[in-house]
Amino acid sequence: MRTNLETMAAHGSSAAVPQRAYVTGMVLALGGIGMFFTALVSAWIVRRGLSNGDWQPIEFPRILWLNTAILLASSVALARSRHWLIAGREADYRHWWGVATILGALFLSGQILAWRQLRAARIFLAANPASSFFYVFTVAHALHVVGGIAALVVIALRRPRHLSRQTSTQVAALYWHFMGALWLMIFALLLVK
Amino acid sequence: MSAQSVHSPEPRTGILRRYIFSADHKVIGLQYFFLALVAVTIGTILSLLMRMHLVWPAAHLPFVAGGIMTPEQYLALVTMHGTIMVFFVLSTVPQAGFGNYFLPIQIGAPDMAFPRLNMLSFWLTLLAFLVLLAAFFVPGGAPISGWTAYPPLSGLGEVTGPGEGTGQLLWVAGVLIFCIASLLGSINFISTTIDMRASGMTLMRMPLTVWAWFVTAILSLLAFAVLFAGGILLVLDRVAETSFFLPAGLVVNGELQMRGGGSPLLWQHLFWFFGHPEVYIAILPGMGAVSHILANFSRKPVFGYRAMAFALCAIGFLGFLVWGHHMFVSGMNPYSGLTFSLLTVSIGVPSAVKTFNWLGTLWGGRIRLQSPMLFAIGFVSFFVTGGLSGIFLAQPAVDTELHATYYVVAHFHIVMGVAAIFGIFAATHYWFPKMFGRRMNETLAKLHFWITFPGVYCIFMPMHFIGIEGGVRRYADSTGANFLAALQPLHLFITIAAFITATAQLVFFYNFFRSLRKGEPATENPWDATTLEWATASPPPLDNFGGHFPSVYRGPYEYSVPGAAQDFTPQHLESEQTHAD
Amino acid sequence: MARSRGCARRTHRPNRALALEFSRRFCLYDCVSRTRNGARGSAAPALLFALFLILFVAVTVYLFAARVYPAPPPISRGAALVDRQYNLTLCAAGAAFVLAQLGLACAVWRFRDRGQSARFISGNVALEVLWTCVTLVVFVGLGMFGRRAWADARFVSSPSNAIQIEVTTNQFVYTFRYPGPDGKFGRLDPSFISAPAGNPLGLDPNDAAGRDDAVLATLTVPVDRPVELLLRSQDVIHNFFVRELRLQQDAVPGMVIPVRFTADRIGTYEIVCTQLCGLGHNKMHSLLKVVSPSDYESFLQRQAAGP
């Protein structure tokens, strides 16, 4: 459905939504997501600090190191892709955009593998507080990454009508890099014994 | 600089596209408004049932399964009344209702930044409401843990009490959906305010209503994200046998619960980290509207505009630092209690500044006591009363006496259930002509005001005394401790006042709905106001300004400017058009 | 202010640019309707408002100041400190209340629309600074002053002659446990809890220290002796509140929370639960009996002698 703003934009109205509003919107969304994870981190801190003696650090799945590298690589790929877009090299932009998307999907598969490894070791969600938080953090992050991959795919296939390509890729990149940074923080947290 | 001229979009055809599935911020604002109207009706009926049971415990009551209310039914009413009113009335109308309608217009924009996201926010809010109401109809009924849902009572399931099974789960689900809707809404509000202001509309020329909606949206963004996290953990405790909030060794009803080492206090910290900013989300837009209306009807600028904008920001910021004052006797470290106490009394400072500035706005004015102004002045009175009772509760030593008594009930009802509601009434009467092109009937409005204003004081002032005498809140009746019986006369007085005041709200409903069809047609600017919403038709066209987007040349409250042609100087008129010749 | 008005009765049709421009500034209709609505010059609503506020202030001040609905007399020094802080706050808040509401009443009456010009004042920095500072000093001062009552109750540890009594809460009863002549509490284990079998607290039968523990439904303490209650909960969050002590504390499962008081008046007082704990929340209550030292000794001996 076409909103009245889109009609106005189609007629070249400068009173319609400026492109920078989409960047503002994404930054705000990341603020909200960040706050959500901050709340989880404070819950983690409190729970660890309780002197019940039942905090048993779990066996850290080694595949997570590989997954981290893959996710960081996908951020690098996405940054390169945008670089080529700005430089006007269409084919290179598409190529690296695809690489970033595939690496993102690889990261998700890696996370699924990690969960299966834990299940095989009989470490479930409710086994102990450390495992509960492990799953909560990694599943919450993975769900957000799924959303990110969906956005990357949609932008590759057809960009949203009311955003310029410059803006849509900028907004997607912001989200994607944030997911990478978020993962680094979660990863560091999970490494703590 | 002339106003921009742009092709105007054609109006939608069909009822569905125009009024139901519309991405137009004005339609969405009204959808929120009418949703809240339904919610407040339900919430009020719930509270009247509570009041009836408190004074006539053996009576057969309507809507109550089985006729005579049981304690768990009473507690279910307490829970649902609080949840519905706080979320679907107070967090909806002032911000999502009026904010959606008027923010874009007041800044000279054609719509919100993300209209489709806006639409999604509303439909999610409606879904949340339906999910929540479903709790009444499942086996076990609605939850009994209060709108605060403290675990372990809320975290273990049916074993802790009736309604704690599916009912509580639906409650959490509804709240989680509401969180998402609010988060999406805040993104819209903040982006729109930052990026879509008309030319000349600097931050310091924004109406205080816009400032209020802006700060409130920032609070929403940060607070609801935290509630969402807490809610997810609570759901996991309930369905996945985790133990975030549930300690080991619980024996409920003789059954040993196999949980381990969680902390009930953790829920309280997460909940109140959201919960305190939430009450500022409920009141800040009302403060903005009151400043706006007081200036308009005193024919004077807002006294201390900058201080008012700054005070809104200060209240918003400090609001995140005081959550522990809900937890003085929770088992939290008593030293933290002192810290929270000092921060809490500090919030009284910007609140007091706002009150002084409201008085300063009135002082020296030319006050027209039309209905929006009556409610706005009423707001100030209630905010003073309710705010001052908060000073008692802000000190942990005094709170130890008054915590969880009717004193607290009095305090939060006066600030939220009355002041914020009067803000809504003021805004409704003020903006009705703009939204519907017709005027509400002044006589009926005044009748409504003059019964409601004393009425709500009669309802809530006696609650202070019940609390001082030790009357505990969330008590289904007074058959427990012996000292409670002496408080019944006060309860009776309150119930009678509640019925009279609730009945008077029918006058408002009648006035509102009748005026929709039969009110006097309204002009563009019936209140001789200066801000941009009064510079367009009533109701505004689809793109708000009929293609002629205004530019802004001055601040929002230029009333009675010396040397001007009239006692108001609209924001959008160029200087040559405003001086007397 | 010169104000010339043309007349243009309008409907709300958009896109009539000229009419918009014209009627934006000149509208007799509005002027007429305002007078008709009595907004100009009518003293009645302003008087009504002012009188109501004055009456409201008078009634409220009377009801609070005359203590028409008082809290019961305090029975401990801690309670007296709380009352003192409450009174101080009442004075400060009361003064602010009276000034603000009467200021509102005065403004509404004095500046009602009588055709005067409004004064174009947009603020006064000196005044802002002044009342911000005054408010800050008063409010923070109150908070700092109240520190004493709180610190007294919560920051100090119990003296060595304090009597320790354990309070266990569950849906919907209070159970009090005395350590008995050996002065030691026996070990508790949730797996032993069985109210029907007479072991509501889950005393471990293998622990000798628990054999002389007295488990009772009411709380008896001697006057003028420091008491330390150890609050526990078996299921959900409850609370222990005695009005006369001006003391309440949540009992949180998974925690043992101490509260301390020294009762200075003999009598029987009610204990109630203030933290919503389920359908029996309002029925959950017990008694605090403050007795003379000799009565307390007899009480202890009776417990030691067994049931």
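# Exercises on a predicted three-chain model

In this predicted model, 40 residues of chain B are in contact with 35 residues of chain A, contact meaning that C-beta atoms placed from the backbone lie within 7 Å. Local features need pLDDT of at least 70 and side-chain atom pairs count only at pLDDT 80 or more, while totals for chains, interfaces and linings use all residues. Residues are numbered from 1 along each chain as its sequence is written, and chains are lettered from A and ligands numbered from 1 in the order in which they are written.

**Exercise 1.** Describe the side of chain B that touches chain A.

Step 1. Find the elements; helices (H or I, at least four residues) and strands (E, at least two) are DSSP runs numbered from the N terminus. Helices H5 (115-134), H6 (166-195), H7 (208-239) and H8 of chain B each give two or more residues to this side.

Step 2. Rank them. H7(B) provides the largest share, 8 residues.

Step 3. Sort by class: Ala, Val, Leu, Ile, Met, Phe, Trp, Tyr, Cys and Pro are nonpolar, Asp, Glu, Lys and Arg charged, and the others, Gly among them, polar. The side has 25 nonpolar, 9 polar and 6 charged residues.

**Exercise 2.** Describe the side of chain B that touches chain C, and place this pair among the pairs of chains that touch.

Step 1. Here 113 residues of chain B are in contact with 102 residues of chain C. Elements of chain B that supply at least two residues include helix H3 (71-90), strand E2 (251-252) and helix H14 (442-468).

Step 2. The largest share of this side, 15 residues, comes from H10(B). By class it has 64 nonpolar, 36 polar and 13 charged residues.

Step 3. Of the 2 pairs of chains that touch, B and C have the most contacts. Chains A and C do not touch, their nearest C-alpha atoms being 9 Å apart.

**Exercise 3.** Does the radius of gyration of chain B agree with or depart from that of a compact globule?

Step 1. The rule is 2.2 Å times the number of residues to the power 0.38, with the radius taken over C-alpha atoms. For 581 residues it gives a value near 25 Å, and chain B has 24 Å, which agrees.

Step 2. Add the burial: 71% of the 581 residues of chain B count as buried, that is, with 20 or more other C-beta atoms within 10 Å of their own C-beta atom, against 12 or fewer for exposed and values in between for partly exposed.

Step 3. Add the make-up. Chain B has 15 helices and 4 strands.

**Exercise 4.** Work out the strand order of the open sheet in chain C and the position of helix H7(C).

Step 1. The 5 strands run E4-E10-E9-E6-E7 with mixed pairing, where a pair needs at least two DSSP bridges. E4 (219-222) and E7 (247-251) stand at the edges with a single partner strand each, so one side of each lacks a neighbour in the sheet.

Step 2. Antiparallel strands E9 (267-272) and E10 (285-291) of chain C are joined by 6 bridges. C:Thr268 has C:Lys289 in E10(C) as its bridge partner.

Step 3. H7(C) lies across E4 and E10 of chain C, at about 135 degrees to E4(C); axes are lines fitted to C-alpha atoms, for helices over the stretch in contact, with angles from 0 to 180 degrees between N-to-C directions.

Step 4. None of the 13 residues of H7(C) is buried, so the helix lies largely in the open.
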